[in-house]
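Please look through the structure below with the following explanation at hand, which moves from one chain to the other by way of a ligand and an interface.

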Amino acid sequence: MRFIDWLDERLAIRQLIKVMMTEYYVPKNINFLWSFGVLIVLMLVILIISGVFLLMYYKPDANLAFDSVNKTIMMDVAYGWIFRHVHAVGASIMFLLLYVHMARGIYYGSFKPPRELVWLTGYVLFVLMSATAFTGYLLPWGQMSYWAAQTITTLFEKIPFIGPDLVIWIRGHFIVEDPTLTRFFALHVVFLPLLLIIVTAVHLYAVRIVGSNNEDGEPIPKEEKKKKGIPFWPVFMSKEFFVMAVFLTFFFFLVFFHYEFAMDPINFIPADKLQTPPHIYPEWYFLAYYEVLRGFFFSQNLGLIAFVLSMFIAMFLPWLDRSPIVSGKHRPLFQIAFWIFVFDFVFLTILGKLPPTGLYAWLGLIGSIIFFAFFFSLPIISRIERKQLENGGKK
Amino acid sequence: MEKEERMQENNENMSRRDFLLYTMGAWATVGVGYALYAMYKTWEPLPEVMAQATVEFDLSTVKPGELKVISWRGKPVFILHKTEDMNECPNRTVAGHYTVVIGVCTHLGCIPNWEADKKIWHCPCHGGEYDACGVNIFGPPPRPLDIPPFKLKGNVIVLGEEGPEYKKMISG
Ligand code: HEM
Ligand code: FES
């Protein structure tokens with residue numbers, strides 16, 4: 001008896017492989033943007049492996065953390081620096097991949113029925129990943145780590161009534177201190193990655209049940225799957241391996257030659273609770289939201305509400321954009337809004353790093369308003385398109 | 001007849017099962033509730049943190065025009081000996097000459113730097129500014145720097161205890 005038959009009798013492994021791989025048909029009319037999902041899984045694996053190796057020398061203690069990273073891992077452990085650079089560059093590139101993956105979903109309407117749960121689980125993954133990056137960033141206990149954690153936790157202080165007590169509870173201290181480091185450590189290395197893995201599994205399962213969307217947003221009934229698609233394994237993956245190879249070349253080029261973009265020089269100064277560095281800013285992937293926070297410069301509360309809203313509003317896309325036309329490829333009006341939004345996001349990211357004074361403050365406000373305008377224009381655009389469709393044929 | 005009996009029996013079974021289900025559900029809710037509460041409690045500051053009680057400091061060691069920074073509950077406290085050319089603020093001045101404030105920006109918690117030439121605190125994070133009394137004069141900070149609870153014993157200030165001078169300051 002072959003081993004696979006032995007397994008099949010006990011785990012129904014053939015059925016599983018069919019559902020997840022060989023009989024999951026990926027539509028033919030897709031482009032390279034559909035390869036990012038698998039790249040994200042690859043990136044998650046790289047982060048987990050590099051993270052485990054960092055963990056072997058990292059010491060979660062306010063007195064030891066900085067040296068354990070910057071001395072032990074970087075200088076003493078053989079090849080330790082590779083693992084650190086892979087982990088830090090990996091976290092950064094992860095967000096690049098996530099943003100492209102999400103923008104793809106927005107453009108081609110992949111969040112629309114029946115894929116709402118694919119979108120929602122994906123969005124949860126984005127939030128979890130952000131939390132993972134935020135908690136991980138504190139671990140090296142450098143100046144940037146410290147002050148990022150200090151300012152972001154202070155945001156919770158602004159919540160009415162419970163705020164001031166809540167911050168102390170989150171930090172386990174009046175300021176960011178050793179208890180904050182150890183709890184962030186626990187979240188970063190165990191709890192959040194565990195949730196990430198579980199939600200990733202649900203996300204992938206959900207895609208297989210409803211099927212991949214495609215460039216034209218064309219629904220593909222069961223009977224036509226074979227004709228209009230290719231099996232995920234081995235056909236889709238054989239192409240994906242090529243994309244992975246190109247991506248990894250790019251990734252390791254960054255790791256070896258341009259890692260500095262993910263390693264802020266200020267973070268090589270140990271955390272100093274009494275001295276805020278002269279200029280602090282988040283990692284690039286949070287700059288756009290940070291700029292929304294600062295954008296409403298005339299009112300702190302408005303800024304905070306906008307900040308929270310900006311991070312979660314995209315989650316509600318399935319209910320904001322209800323246009324019967326699925327794919328942006330066939331929606332000229334939506335395309336305009338979409339591209340303005342993409343440029344605005346880049347614009348906010350750039351502004352986020354500039355000082356928030358004078359002209360920049362006003363540009364930040366305008367950029368923030370455009371950010372929200374995109375989401376609020378969607379119900380209107382949907383309506384116009386529905387009308388056009390009803391008056392059909394006239395085009 | 002038989003059928004009806006059986007149905008009745010069934011009904012009885014159902015209600016017995018329901019009863020068990022509800023009791024178990026209630027019991028489980030209590031258990032989960034306590035578990036969550038215990039988890040919540042583990043995140044509270046440890047007794048040793050809460051006990052970082054009071055700090056004493058001799059104000060007379062700060063020369064006119066000088067700023068000293070001491071640490072209280074892990075936070076910096078600015079002690080500035082004001083001079084004539086700095087603005088007046090009787091109800092924010094301690095012992096006649098001193099500005100005593102928690103050196104944590106009321107915007108997002110960065111530590112403002114004293115700029116002796118301009119006689120202001122400038123926050124590096126988002127450009128907030130405070131005058132020599134610790135009152136916000138520019139930028140995003142929503143309110144003046146907080147005054148820590150204090151008590152005076154002659155020249156010595158005790159941080160962390162509410163003395164009559166502090167209460168008077170806060171109330172008016
Ligand atoms: C899954 C997504 C993950 C993301 C987005 C992420 C992100 C980060 C970031 C941004 C840092 C700071 C990097 C630096 O400045 O060097 C960091 C540090 C760290 N991470 Fe992760 N991480 C992830 C997963 C993991 C996992 C699964 C583990 C362990 C099993 C782990 C262990 C560590 C350790 C020990 C550090 C501190 C060492 C250092 O700063 O280089 N990470 N992580
Ligand atoms: S934290 Fe000081 S101005 Fe924002």
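In helix H4 of chain A, which covers residues 65-76, the buried residues are A:Ala65, A:Phe66, A:Ser68, A:Val69 and A:Ile73; this is a predicted model, and its local features are given where pLDDT is at least 70. An α-helix has 3.6 residues a turn, so residues three or four places apart point the same way. In the list for this helix, A:Ala65, A:Val69 and A:Ile73 are buried, and the buried residues of H4(A) pack against H3, H5 and H9 of chain A.

Those three partners lead on to the ligand, because helices H3 (36-55), H5 (80-107) and H9 (178-210) of chain A, together with helix H6 (116-138), each supply at least two residues of the shell around ligand 1. The shell holds 25 residues, the closest of which are A:Gly51, A:Ala91, A:Gly136, A:Leu139 and A:Pro193. The helix that gives the most is H3(A), with 7 residues. By class, the residues around ligand 1 divide into 19 nonpolar, 5 polar and 1 charged.

Chain A also meets chain B, of which 21 residues are in contact with 28 residues of chain A. On the side of chain B that touches chain A, S2 and S3 of chain B each supply at least two residues, and by class this side has 13 nonpolar, 5 polar and 3 charged residues.

Both of these strands belong to an open sheet of 3 strands in chain B, arranged in the order S2-S3-S4 with antiparallel pairing. Its edge strands, each of which pairs on one side only, are S2 (67-72) and S4 (98-102) of chain B, and neighbouring strands of the sheet are turned by 20 degrees against each other on average, direction ignored. Strand S3(B), residues 75-81, is joined to S4(B) by 5 bridges, the two strands running antiparallel; within this pair, B:Phe78 has B:Val101 of S4(B) as its bridge partner.

Taken as a whole, chain B contains 3 helices and 10 strands, which follow the pattern α-α-β-β-β-β-β-β-β-β-β-β-α along the sequence. Its radius of gyration is 29 Å, whereas a compact globule of 172 residues would have one near 16 Å, and its C-alpha atoms fill a box of roughly 105 × 35 × 30 Å along the principal axes. Of the 172 residues of chain B, 24% count as buried. Among the contacts in chain B with a separation of 6 or more, 40% are accounted for by residues 24 or more positions apart.

Notes
Residues are numbered from 1 along each chain as its sequence is written. Chains are lettered from A and ligands numbered from 1 in the order in which they are written. This is a predicted model: local features need pLDDT of at least 70, side-chain atom pairs count only at pLDDT 80 or more; totals for chains, interfaces and linings use all residues. A residue is near a molecule or strand if its C-beta atom, placed from the backbone, lies within 6 Å of it. Helices (H or I, at least four residues) and strands (E, at least two) are DSSP runs, numbered from the N terminus. Ala, Val, Leu, Ile, Met, Phe, Trp, Tyr, Cys and Pro count as nonpolar, Asp, Glu, Lys and Arg as charged, and the others, Gly among them, as polar. A residue is buried if 20 or more other C-beta atoms lie within 10 Å of its own, exposed if 12 or fewer, and partly exposed in between; C-beta atoms are placed from the backbone. Two residues are in contact if their C-beta atoms, placed from the backbone, lie within 7 Å. Two strands pair if DSSP finds at least two bridges between them. Axes are lines fitted to C-alpha atoms, for helices over the stretch in contact, and angles run from 0 to 180 degrees between N-to-C directions. The radius of gyration is taken over C-alpha atoms; the globule rule is 2.2 Å times the number of residues to the power 0.38.
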